Amino acid sequence: MNEQPRTDEAPTDGPGADGAGLLGIYLNDHLAGATAGMERARSLAGALRGSPSGPVLRTLAEEITEDRASLLAIMDALGVPVRHYKVSLAWAAEKVGRLKSNGRLVGRSPLTSLVELEILRLGVLGKAAAWQTLRQVAEADGRLDAGQLDELLARAERQQDTLEELRRRQTTETFQQA
């Protein structure tokens, strides 16, 4: 996808951006977040694959990957170019975020899983807000499929419920050992 706006159109971001340009910035910011969330979900699903939460997390990671693909398709339908530098920075930031202290010198602690579940839940909350925003925009923009956005929003709400259940379970496991 071409990263430069066509010269015969108004700027899509930066100074002088109009509503369409601001939507481009907004969607690219959410794409960056979706990229980080996808990576974090895959990592957590891999780390907990042998646990009772493993299959649920694997399914969740697949859905988050599909949601990111849906966002890319929406951006394409709207003619919003992908700002690859934002996606790359989000990818790198997610990798660096894995280096945080977890109370152990090597390996995962139960605290790591708890914090990662909380991060994912916040990411899904942000994704749901994006779907709500796009749903509102769809009222005036026929390029957006309101039905698809309703489905994406419902899935994000189910994902939040799933992550909250996993977070509560992990909280018990983490602090029961304290």
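**A walk through a five-helix chain**

Of the 178 residues in this chain, 39% are buried. Keep in mind as you look around that this is a predicted model. The secondary structure is easy to take in: there are 5 helices and 0 strands, so reading from the N terminus you simply get α-α-α-α-α. As for the outside, the chain exposes about 9,900 Å², and carbon and sulfur atoms supply 57% of that area.

How do the contacts spread along the sequence? Take the pairs that touch and sit at least 6 residues apart in sequence: 75% of them join residues at least 24 apart.

Now for the helix pairs. Two packed helices are described by the angle between their axes and the distance between the axes. Start with α4, which covers residues 110-138. The axes of α4 and α5 come within 8 Å and cross at roughly 165°. An angle over 145° counts as roughly antiparallel, and that is why α4 is roughly antiparallel to α5. The crossing of these two is left-handed. Sorted by class, the contact of α4 with α5 has 19 nonpolar, 7 polar and 7 charged residues.

Next, swing round to α2, residues 54-77, which also packs against α5, residues 146-176. Here the angle is about 150° and the axes are 11 Å apart, so α2 and α5 are roughly antiparallel to each other too. The crossing of α2 past α5 is left-handed. If you want to pick out the contact on screen, the α2 side includes Val56, Leu57, Leu60, Glu63, Ile64 and Asp67, while the α5 side includes Leu149, Leu152, Arg155, Gln159 and Leu163. By class, the contact of α2 with α5 has 9 nonpolar, 4 polar and 4 charged residues.

One residue in that contact is a good place to zoom in: Gln159, which is found in α5. Is Gln159 buried or exposed? Its relative accessible area is 1%, and the cut-off for buried is under 20%, so Gln159 is buried. What does Gln159 touch, leaving out residues up to four places away in sequence? The list is Leu60, Glu63, Ile64, Asp67, Val124 and Lys127. Leu60, Glu63, Ile64 and Asp67 are among the α2 residues that meet α5. Val124 and Lys127 fall within the 110-138 range of α4. Glu63 also shows how the fold brings sequence-distant positions together: Gln159 and Glu63 are 96 residues apart in sequence and 8.8 Å apart in space, C-alpha to C-alpha.

Technical notes: Residues are numbered from 1 along each chain as its sequence is written. This is a predicted model: local features need pLDDT of at least 70, side-chain atom pairs count only at pLDDT 80 or more; totals for chains, interfaces and linings use all residues. Side-chain values use heavy atoms; hydrogens and water are left out. Axes are lines fitted to C-alpha atoms, for helices over the stretch in contact, and angles run from 0 to 180 degrees between N-to-C directions. Helices (H or I, at least four residues) and strands (E, at least two) are DSSP runs, numbered from the N terminus. Angles under 35 degrees count as roughly parallel, over 145 as roughly antiparallel, 65 to 115 as roughly perpendicular and the rest as oblique. A crossing is left-handed if the near helix is turned anticlockwise from the far one by less than a right angle, and right-handed if clockwise. Contact means heavy atoms within 4.5 Å. Ala, Val, Leu, Ile, Met, Phe, Trp, Tyr, Cys and Pro count as nonpolar, Asp, Glu, Lys and Arg as charged, and the others, Gly among them, as polar. Buried means under 20% relative accessible area, exposed over 50%, partly exposed in between (1.4 Å probe, protein chains only). Accessible areas come from the Shrake-Rupley method with a 1.4 Å probe; for residues, only the protein chains shown count as cover.
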